[in-house]
Amino acid sequence: MEQWNNKTSVYDVNALTSLEKLEPVRVRPGMYIGSTGSKGLHHCIWEILDNAIDEISNGFGDTAVVILNKDGSASIKDNGRGIPTGIHPVKKKSGVEMVFTELHTGGKFNNDVYKTSGGLHGVGAAVVNALSSWLEVEVKQNGHIYSQRFEYRYDKGLKRTMPGTPVDHLKVVGDSSETGTKVTFMPDRNVFSNIEFKIDIIDERLQELAFQNKGISLKLVDNRGEETVEKYYHSENGLLDFIRYLNESKTVLHSDPILFDGEREVNGINMYGEICAQFTESTSEYIASYVNNIPTTESGTHESGFKTGMTRAFKEWAKKLNLLKEKSKEFDGDDLREGMTAVIRIKITDPIFEGQTKTKLGNAEAYTMMNDLSYTKFFEWIEDNKDMATLIINNALYAAARREKIKKINDAEKKKIGRGTAPLAGKIAVCTIKDSSVCEFIVVEGDSAGGSAKQARDRRFQTIMPSKGKIMNTEKQNLENVLGSEELKMFNTAIGTGILENYNEDDLKYDKIIIMSDADVDGFHIRTLWMTYIYRYMRQLIMNGHLYIAQPPLYKVYKENKGKNIVKYAYDEEGLKKAKNEIGRGVLIQRYKGLGEMNPDQLWETTLNPETRTLDKITIDDAAKAEKMVSLLMGEVVAPRKNYMYKYAEF
């Protein structure tokens, strides 16, 4: 059982330590929140929310709420103990003011106050304050309600603007018998490219947190529309609910997921680990890993330990069950995990993360602990489930044989074409520059648009591949059929990396892979098919930031004025209104039905020219959501897809 409450400690102002001021945050915000785009914007909510979840995880409180306010600000509140309100004996400031104005201030730098925490570095609250135009804190504690406001304002004494400046001291504004903290902040428009919070991103994060912290209550309130939208999150079964959620659109091999947990101490560091896994008929592996409730999207030592321990257990049983012939080739970990969905989470007293955004764990102790836990528990599970284990091991042996087959095919293709692309002549218009760091590979829908794109491109660095309509739905096809597709074979040869376990980033011939399709339903389907293939067979292209979607315009807005043509392009209805207003009366509007309607000059100006085009980078910010959506929209199981389509029929 999980026993991580730490209720005997005293959390007051004397528990706080402080290291430095806020100015560096405004200079390089990306160092603290990853980016100043949508990811960084939502990271500000995560930083405050992580503090609330830390309280709950350590046994203080059971509820957290995220509120999106009409004015564009966001509020996060909890029913924990509340940030300390007393005056620090050295700093002569309230604990609240210290937490929000000085970096590395908090109760998480030793294990006296928090046994485990996600907001480890003690910079979260202060960073959010530094990147906001204003921030307000309300603390319920000691029978009172305390409040303090901070603003980005000009300091007359220092003669410069200062982030997160206190407007006044912490003051009592009311009475309450409750405890907790509420933080409301307005992201600064001068920092972020867009300050609109996306409800679907927050929804997914809260759902994950509910799965990881069974029994707690989370709530999302969106007050920005005409009607308030409220969503509640609660899970009684934790990771069991999570794994069934992820596998909803997949055909599973065993109805009861594998679930186990355990505690270990390694080199004086206490850890608790929990693992839930289920094998499916899919050919892809998916692992979601977390440390102290933080998603570790770049994995880390805990995930490596899990993989090693699991592989050891299955290999030993493969020999016990006489499934490995003397001359047969053994399977490896990748083969074993094919079709597996797993969620692993650990709680650790002293996590070492790589970077403030905490996406990769570095503790060697976590590897040792998860290796031992996984080996022991999987070994026991196999002993009680020999028939299912035999099926899984046979699938792994089949995957190993297939992997060797793919390698031979790839090697044969490389021998045939070497490093050149001459055999693709006539099908693909190859660029002349060989520097992969500047080259672009553009998949264009249809022969007509492909012909225009070949004429319009900058032949020095842009390669064009016309796509003949819709490629196969690779989510529903076996590997042999996928390998037999001439179009996908041509794409693979041109890209150069290989697929699945044979993917090699060093062989990538292009920095950008761009999918360019019509702005209609068919075009959307075509790019979804391509993205599905790349997600399943070349996922590293997405993870390493190489995949993009081109955005062709929907409208050309123009008129002749004093012998000169005024032309503007619009990419949506809002852009159309803006273009019409800017040009004025007498405008003519051309609605593009597809890329084939554009002449080469127009295609270059709107969609191919790096100076004027719009590209959307495809990322996997939320890998669990991406995994579920690919399976739901493109997989074999029909019922969840129908439910989704009914729910979003209007969209």
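Tutor: Two strands count as paired if DSSP finds at least two bridges between them. The model discussed here is a predicted one.

Student: How many residues stand between S8 and S9 in their hairpin?
Tutor: Strand S8 covers residues 217-222 and strand S9 covers residues 229-233. They pair in the antiparallel sense over 5 bridges. The two strands form a hairpin, and the number of residues between them is 6.

Student: Which residue does Asp222 stand opposite in S9?
Tutor: The pairing of S8 with S9 is antiparallel. Within this pairing, the residue in S9 opposite Asp222 is Val229.

Student: Is Glu208 buried or exposed?
Tutor: Glu208 is part of helix H6, which spans residues 199-212. A residue is called buried under 20% relative accessible area. The value for Glu208 is 8%, so Glu208 counts as buried.

Student: What distance separates the C-alpha atoms of Glu208 and Phe242?
Tutor: Along the chain, Glu208 and Phe242 are 34 residues apart. In space, their C-alpha atoms are separated by 7.6 Å.

Student: In what order do the strands of the open sheet of 5 strands stand?
Tutor: The pairing in this sheet is mixed. Strands S10 (258-266) and S13 (294-295) stand at the edges, each with a single partner strand, so one side of each has no neighbour in the sheet. The order is S10-S11-S14-S12-S13.

Student: Which residue is the bridge partner of Ser289 in S14?
Tutor: Strand S12 (residues 286-291) pairs with strand S14 (residues 340-348) in the parallel sense. The pairing runs over 6 bridges. In S14, the partner of Ser289 is Ile344.

Student: What is the phi of Asn267, a residue other than glycine?
Tutor: Asn267 sits in the loop between S10 and strand S11 (269-279). The residue counts as exposed, at 66% relative accessibility. Phi of Asn267 is positive, near 55°.

Student: Where is Lys92 placed?
Tutor: Lys92 is not a glycine, yet has a positive phi of about 60°. With a relative accessible area of 62%, Lys92 is exposed. Its place is in the loop between strand S2 (74-78) and helix H4 (95-101).

Student: In which sense do strands S15 and S16 pair, and over how many bridges?
Tutor: Strand S15 covers residues 440-445. Ile442 has Ile464 in S16 as its bridge partner. From S15 the chain crosses through helix H12 (residues 447-456) to S16, in a right-handed β-α-β crossover. The pairing is in the parallel sense, over 6 bridges.

Student: Why is strand S16 said to be largely enclosed by the rest of the structure?
Tutor: On one side of S16, Gln462, Ile464 and Pro466 are buried, and on the other side Thr463, Met465 and Ser467 are buried. Both faces of the strand are thus covered. S16 (residues 462-467) is called largely enclosed because the number of its residues that are buried is 6 of 6.

Student: How far apart are Ile442 and Met516 in space, C-alpha to C-alpha?
Tutor: Ile442 belongs to strand S15. At 0% relative accessibility, Ile442 counts as buried. Ile442 and Met516 are 74 residues apart in sequence, while their C-alpha distance is 6.8 Å.

Student: Which helix holds Asn492?
Tutor: Asn492 is buried, with a relative accessible area of 18%. The C-alpha atoms of Asn492 and Met538 are separated by 9.5 Å, with their positions 46 residues apart along the chain. Asn492 has its place in residues 486-495, which form helix H14.

Student: What is the volume of the second largest cavity?
Tutor: Rolling a probe the size of a water molecule over the atoms shows where empty space is left. A search of the whole structure finds 4 cavities of 30 Å³ or more. The second largest cavity has a volume of about 70 Å³.

Student: From which domains does the lining of the second largest cavity draw at least three residues each?
Tutor: Residues lining the second largest cavity include Asp518, Pro552, Arg591 and Met598. By class, the lining has 7 nonpolar, 1 polar and 4 charged residues. At least three residues come from each of domain 3 (421-552 + 611-620) and domain 4 (555-610).

Conventions
Residues are numbered from 1 along each chain as its sequence is written. This is a predicted model: local features need pLDDT of at least 70, side-chain atom pairs count only at pLDDT 80 or more; totals for chains, interfaces and linings use all residues. Side-chain values use heavy atoms; hydrogens and water are left out. Buried means under 20% relative accessible area, exposed over 50%, partly exposed in between (1.4 Å probe, protein chains only). Helices (H or I, at least four residues) and strands (E, at least two) are DSSP runs, numbered from the N terminus. A crossover is right-handed if, with the strands pointing away from the viewer, the path from the first strand over the helix to the second runs clockwise. On a 1 Å grid over the protein atoms alone, a cavity is a set of points where a 1.4 Å probe fits but cannot get out, and a pocket is an open set with protein on both sides within 12 Å along at least five of seven lines; lining residues have an atom within 4 Å of a point. Grid points are joined across faces, edges and corners, and a volume is the space filled by probe spheres set on the points. Ala, Val, Leu, Ile, Met, Phe, Trp, Tyr, Cys and Pro count as nonpolar, Asp, Glu, Lys and Arg as charged, and the others, Gly among them, as polar. Domain bounds come from an automatic or database domain assignment.
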